[in-house]
Every structure is written in C-alpha cells, then in structure tokens.
Amino acid sequence: MNLLLEISNGDLAVTATLTGIGLVFAALLIARLISPKSYSVKKGETYECGIPTRGESMIQFKSGYYIFAILFLIFDVETVFLYPWATIMRSLGPSGLLCVAIFMFILILGLAYAWRKGALKWQ
Amino acid sequence: MFDFSIITNWFNNLLIGCMPEWAAVLIECVVIGVLVLLTYTVLALFYILYERKLCAWFQCRLGPMRVGPWGLLQVFADMFKILIKELISLKGTDKFLFKLAPYIIITSSVVMLACLPWGRGLQIIDYNIGIFFVLAVSSVGVLGILLAGWSSNNKYTLIGAMRSGAQMISYELSLGLALMSIIVLAGTMNINDLVWAQDKCWFIFQGHIPAIIAFIIYVIAATAETNRGPFDLPEAEHELTAGYHTEYSGIHFGFFYLAEYLNLFIVSGIASLMFLGGWMPLHIPGWDGFNAVMNWIPGIVWFLAKAFFISYVIIWFKWTFPRVRIDQLLAFEWKYMMPFALANLVLMAVCVAFGLTF
C-alpha cells in the first residue's frame, strides 16, 4: 500500500535519496548566495579548542574502539541471521526455537569468551 | 479510519488520464519529493522548538518568548540566521569528505523518514522487509559522522567521531534485538502489516512482559543511537568543544543539527509503530463502543501523539541524567543491554511458541 500505487519501491527509495541530496544541495546553494564572504589567514586555521593546534590530527587512533568494532561485526551478522527466523518463528514452532537456541548458545559462549578475555574492558 | 489511498488513487488516475505513464510517474515522484522535503523541514523546526521549550520548563525557565507569540517564530529566526552565516573553508581539511558528510547524514534520515507510515495508506517506501531496511539505512548515518570527524583535521572531532561510531554500532545491536522480539510476535517485517497486526491490541500489551522489557531496551538504545541524553559523549561540550561537528560553520553545522532532531523523531516514530500501535487507535477487545469512539480520532493524530510522547521521554532523559563515561557506556551495552536483549528475545520466542501472548 504505497502512497501512490503505481510506483515501485525502488523508484521511491531513489526519490527519497535524491530528495535528501537535493535538500542539502539547495540549502547550500541558498546559503552561498546570501551569506557574506571574507578572507583572512587566521580564519582558515582549525578551531579545535581555540588555541593553535599542534601536530598531525589524522593519526592512528586508540585500538579500544577497534576491538568493539570487531565484536560488533560478529554480533551484527548474528542478528542478520536471526531476522529471517524471527519472521517465520510462528510456523517453525518449538523445534525451530530449539535450533535457534543452540545457535544463540554458541554466540553467547562467544560473548562470554570475549568478556573473560577482557575484550569488553575499556583500556 | 480514513484511507489516504483514496486521495492518492484519485490523483494517480487524474494524472494517468491526461499524460503518458512515465510522465505521470515522474510528476508523482516530484510531488513525493516536495512533500517529504516539507515534512522534513516542518518536523525539524517543530522539534527544535519542542526541545527548547521542554528543556526550559525542566529548568524552571520560560524558554524562547520574544519572537512571535510565545516564541513560536523563534525557530524561523534561527533557521534564517543559520542560513546567512558564512561557510568557512578551512585549511588542512579533507575537502571532499568534509563536504560529503552532511549529504550522507541528511540522506539517510530522509530515507528513514520516507519509510514511516503516518496513517492508513499514507506511506511512501513500503518494502516487505520495511523495519530491516530502516535499520540498515540508519547504520549509514554513522558513516557520515565518522567522515565528519575524520575529515575536519581536528583531534577533538576525531575523538568525538570515534566515540560516536563505537556508541552507535554497539547500541544498534540491542536496538535490533529489541525490535526483533516484536517481529517474532508479529511474524512480519513489513511496517504496514505490523501496524495492522495491532488492530485488536497494541504489541506492548499483546506481548506483555517480554514486550515491555523490549520497549525499555529500545528506548534506552534509541537514546544512545541518536547521540542524546546521558549518552551524548560524541558532542560532550565540556570535553570536546562540540564533538564531531566542531569545524562546521553555518548551514553545514545546521545539517547535523537537523539530522539529529529528525533522527529523534524517527526513533520515536519506530517505537510508536512497533510497540504502541502506530496510527492504530487504542482498541480494547470487547469494548465496541469505546473502540468506535477511538476510531473517530484520525490516524495521523495517534501516530504523531505517540511519537511526540516518546520524544518527550527521550528529551526528559537528557535533562535528568548526568553524562556517562565511554567505558561505562560500552560496558552498559555489552555487559547488560545486549545479554538482556538476547534473553528477552528467547523469552518472547518461548511465549509465542507456547501461545502465551494475548
């Protein structure tokens, strides 16, 4: 039941995407037309916290975030696997529930392992 | 309930009658685009005022009062002000990524907005994997924030972006699991079918205990997902200046602001659709008179009222709880929320498999 019945979902998704791009583009265009422009050397500096910035900013950064990203990957793929099951859960009944319980048990084991290894500790 | 597809069908037939089909589709797409744009802007303006007024009341202030009656025109003044600010181009930024970031953030929130049904037949994108599609698009938004933080050539924005990335991907898990327990209950991912399945009784009542737990988990995860409330570490102003959008000026900054408020509406809208019946009025099985009275209230009003109520709760969080630390934030998600959400999913599955739902 679409807003307008004749259009396919793909076209509508493209329309929405183009609307988003158009919104940003149009607003930037208006802003460029009516906003003042001035140039000074100091203005082009990075603001950061108000005092002159030191050193390189695009650096290799804390690996703590990286570990959580890897953990996320595992569990996000898990949730992707669970979605189809969730949709047909009713027709599968208790036997399907048992199968998924085994799948989840393995994953929870994985989480427990990560927990035990200290991967969930922020350092 | 009024069926909006009557209007859209009439419009469609009108166009088909006087032009070839491709032209009709093109015009309809343009009309949809304009409507989405208007809705997006109006909602953003409403939410800015809503939050400012609420935060003022929580702090025993009046909030904006000067511009217009009761400060109602304040947001228009704000919008105009932000449009006429200079767009400063900085040295040392990665120009392409710096400009790409607002596009990604705004586009992802516009597509999500287009997926929400506001009333019967009043929906734009209607995939049969609807809710999954919304979740998928919502994770694209993280990319925009990461790009914004990285390309700014600023250490604070980098920290803000990294925090935001870690936070949003982590809480996405419990968000997805909470929604999944409702999908188990409903047996469909199509948002429209989900709403229709709540005809007799909203899911939060149908699923009783597991649904209520899922709702609580969802609201907490949604607060974190929108970088708000006690979880606003990515833009913690006392530590990181303004977080990942420190270096953006004028309307460039405005885009992040806009997307933040729209994301607040979208997560509240999804909560309203998945747990509180969306545009479906409050129906109590057996009370026919009561149900008939409730049907008199239009679907849009129901949907928006529920969405605004949940937004109110999320804004309430923001002005009540102190900000958490990053280690507390991640530990809370991985050690409490995620295992709880998983256990709750199993509980819901058991309830459904053995017919323990209403």
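## A walk through a two-chain predicted model

Start by selecting A:M89: this methionine is buried, since 23 other C-beta atoms lie within 10 Å, where 20 or more is enough to count. Keep in mind that everything here is a predicted model.

**Stop 1: around A:M89**

Colour helix α3 of chain A, residues 89-116, and you'll find A:M89 in it. Now show the contacts of A:M89, skipping neighbours within four places in sequence. You should get A:G96 from chain A, plus B:V184, B:G187, B:A349 and B:V352 from chain B. For a distance check, pick the C-alpha atoms of A:M89 and A:A69: these residues are 20 apart along the chain, and the atoms are 29 Å apart.

**Stop 2: all of chain A**

Hide chain B for a moment. What is chain A built from? It has 3 helices and 0 strands, in the order α-α-α along the sequence. Its C-alpha atoms fill a box of roughly 70 × 55 × 15 Å along the principal axes. The radius of gyration is 25 Å, whereas a compact globule of 123 residues would come in near 14 Å. As for burial, 20% of the 123 residues make the cut.

Colour by pLDDT next. Chain A has a mean of 80, with 95% of its residues at 70 or more. Among the elements to click on, helix α2 (residues 64-87) has the lowest confidence in chain A, at a mean of 84, and helix α1 (residues 9-34) has the highest, at 86.

**Stop 3: where the chains meet**

Bring chain B back and select the contacts between the two. How many residues take part on each side? You'll see 62 residues of chain A in contact with 75 residues of chain B. On the chain B side, the elements that give two or more residues are α1 (5-18), α2 (21-58), α4 (95-115), α5 (130-151), α6 (155-186), α11 (250-274) and α14 (326-353). Which of them gives the most? That's α6(B), with 14 residues. Colour this side of chain B by residue class and you get 46 nonpolar, 20 polar and 9 charged residues. For the complex, the predictor reports an ipTM of 0.85 and a pTM of 0.90.

**Stop 4: along α14(B)**

Select α14(B) alone, since it's one of the elements on the side that touches chain A. With 28 residues at 1.5 Å each, this helix should span 40 Å, and the 39 Å between its end C-alpha atoms agrees with that. Even so, α14(B) has a kink of about 35°, centred on B:E333. Step just past the helix to B:G355, where phi is positive, at about 65°.

**Stop 5: chain B overall**

Zoom out to chain B. Its secondary structure is 14 helices and 0 strands. The radius of gyration is 21 Å, close to the 21 Å the globule rule gives for 358 residues, so chain B is as compact as a globular protein of that length. Its C-alpha atoms fill a box of roughly 65 × 60 × 40 Å along the principal axes. Buried residues account for 53% of the 358. If you draw a contact map for chain B and keep pairs at least 6 apart in sequence, 79% of those contacts join residues at least 24 apart.

**Stop 6: two backbone oddities**

Most residues other than glycine have a negative phi. Here are two to select that don't. B:W70 has a positive phi near 65°, and it's found in the loop between α2 and α3 (74-83) of chain B. Is B:W70 buried, exposed or partly exposed? It's partly exposed, because 13 other C-beta atoms lie within 10 Å.

Then jump to B:N227, in the loop between α9 (208-225) and α10 (237-240) of chain B. Here phi is about 55°, again positive in a residue that is not a glycine. B:N227 is buried, because 24 other C-beta atoms lie within 10 Å.

**Last stop: confidence in chain B**

Switch the pLDDT colours on again. Chain B averages 85, and 99% of its residues score at least 70. The helices on either side of the B:N227 loop are worth a click: α9(B) has the highest confidence in chain B, at a mean of 90, and α10(B) the lowest, at 72. Where pLDDT is low, the predicted coordinates should not be read in detail.

Conventions: Residues are numbered from 1 along each chain as its sequence is written. Chains are lettered from A and ligands numbered from 1 in the order in which they are written. This is a predicted model: local features need pLDDT of at least 70, side-chain atom pairs count only at pLDDT 80 or more; totals for chains, interfaces and linings use all residues. Helices (H or I, at least four residues) and strands (E, at least two) are DSSP runs, numbered from the N terminus. A residue is buried if 20 or more other C-beta atoms lie within 10 Å of its own, exposed if 12 or fewer, and partly exposed in between; C-beta atoms are placed from the backbone. Two residues are in contact if their C-beta atoms, placed from the backbone, lie within 7 Å. Ala, Val, Leu, Ile, Met, Phe, Trp, Tyr, Cys and Pro count as nonpolar, Asp, Glu, Lys and Arg as charged, and the others, Gly among them, as polar. The expected span of a helix is 1.5 Å times one less than its number of residues. The bend at a residue is the angle between axes fitted to the seven residues ending there and the seven starting there. The radius of gyration is taken over C-alpha atoms; the globule rule is 2.2 Å times the number of residues to the power 0.38. pLDDT is the predictor's confidence in each residue, from 0 to 100.
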